[in-house]
Amino acid sequence: MKEEYRHLLTDRQKLWLESQHHRLENEWQYLALEVRHRGKYSDFERGQLNELARLVRTKKNTIDNIII
């Protein structure tokens with residue numbers, strides 16, 4: 001099944017992902033990098049990005065302020 005990238009990444013979202021890059025590890029870092037380079041994201045990635053934003057905002061799942 002081909003994944004559709006329906007949502008365009010806004011400049012604000014791109015800037016936010018760039019600013020969080022140093023805090024991310026593993027699959028979060030890969031997700032942020034892929035979405036930034038592509039400039040758009042799928043419905044599935046939208047859910048993941050929302051989860052990432054929640055983790056950053058609440059600082060849950062962190063070790064020394066690194067999102068794991």
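Student: What is the relative accessibility of Glu51?

Tutor: This is a predicted model, in which local features need pLDDT of at least 70 and side-chain atom pairs count only at pLDDT 80 or more, while totals for chains, interfaces and linings use all residues. Residues are numbered from 1 along each chain as its sequence is written, and side-chain values use heavy atoms, with hydrogens and water left out. With a 1.4 Å probe and protein chains only, buried means under 20% relative accessible area, exposed means over 50%, and partly exposed is in between. Glu51 counts as partly exposed because its relative accessibility is 31%.

Student: Which residue meets Glu51 in a salt bridge?

Tutor: A salt bridge here requires a side-chain nitrogen of Lys or Arg within 4 Å of a carboxyl oxygen of Asp or Glu. The partner of Glu51 also lies in helix H3, three residues apart from it, about one turn of the helix. An α-helix has 3.6 residues a turn, so residues three or four places apart point the same way. At 2.6 Å from N to O, the side chain that meets Glu51 is that of Arg54.

Student: How far does helix H3 reach from its first C-alpha to its last?

Tutor: Helices (H or I, at least four residues) and strands (E, at least two) are DSSP runs, numbered from the N terminus. The expected span is 1.5 Å times one less than the number of residues, which gives 22 Å for the 16 residues of H3, residues 43-58. Close to that expectation, the reach in the model is 23 Å.

Student: Within what arc do the buried residues of H3 fall, seen down its axis?

Tutor: The buried residues of H3 are Glu45, Leu49, Leu52, Leu55 and Val56. They line one face of the helix because their directions, taken from the helix axis to the C-beta atoms, fall within an arc of 120 degrees.

Student: Which exposed residues does H3 carry on the face turned away from its buried side?

Tutor: On the buried side, residues of H3 pack (contact meaning heavy atoms within 4.5 Å) against helix H1 (11-20), helix H2 (26-38), strand S2 (40-41) and strand S4 (66-67). The face turned away from that side carries Asn50 and Arg57.

Student: Which residue forms a salt bridge with Arg36?

Tutor: A search of the whole structure finds five salt bridges, and in the one that Arg36 forms the closest N and O atoms are 4.0 Å apart. That pair links distant parts of the chain, with Arg36 in helix H2 and its partner in helix H1, 18 residues apart. Arg36 counts as buried because its relative accessibility is 18%, whereas the partner, at 37%, counts as partly exposed. The residue that pairs with Arg36 is Glu18.

Student: Which residue meets Arg38 in a salt bridge?

Tutor: Arg38, at 27% relative accessibility, counts as partly exposed, and its salt bridge spans 3.0 Å from N to O. The partner belongs to the buried residues of H3, and at 8% relative accessibility the residue in question is Glu45.

Student: How far apart in space are Tyr5 and Asp43, C-alpha to C-alpha?

Tutor: Tyr5 lies in the segment before strand S1 (7-8), and beyond its neighbours within four places in sequence its contacts include Ser42 and Glu45. Ser42 itself, in the loop between S2 and H3, counts as buried at 2% relative accessibility. Although Tyr5 and Asp43 are 38 residues apart in sequence, their separation in space is 7.4 Å.
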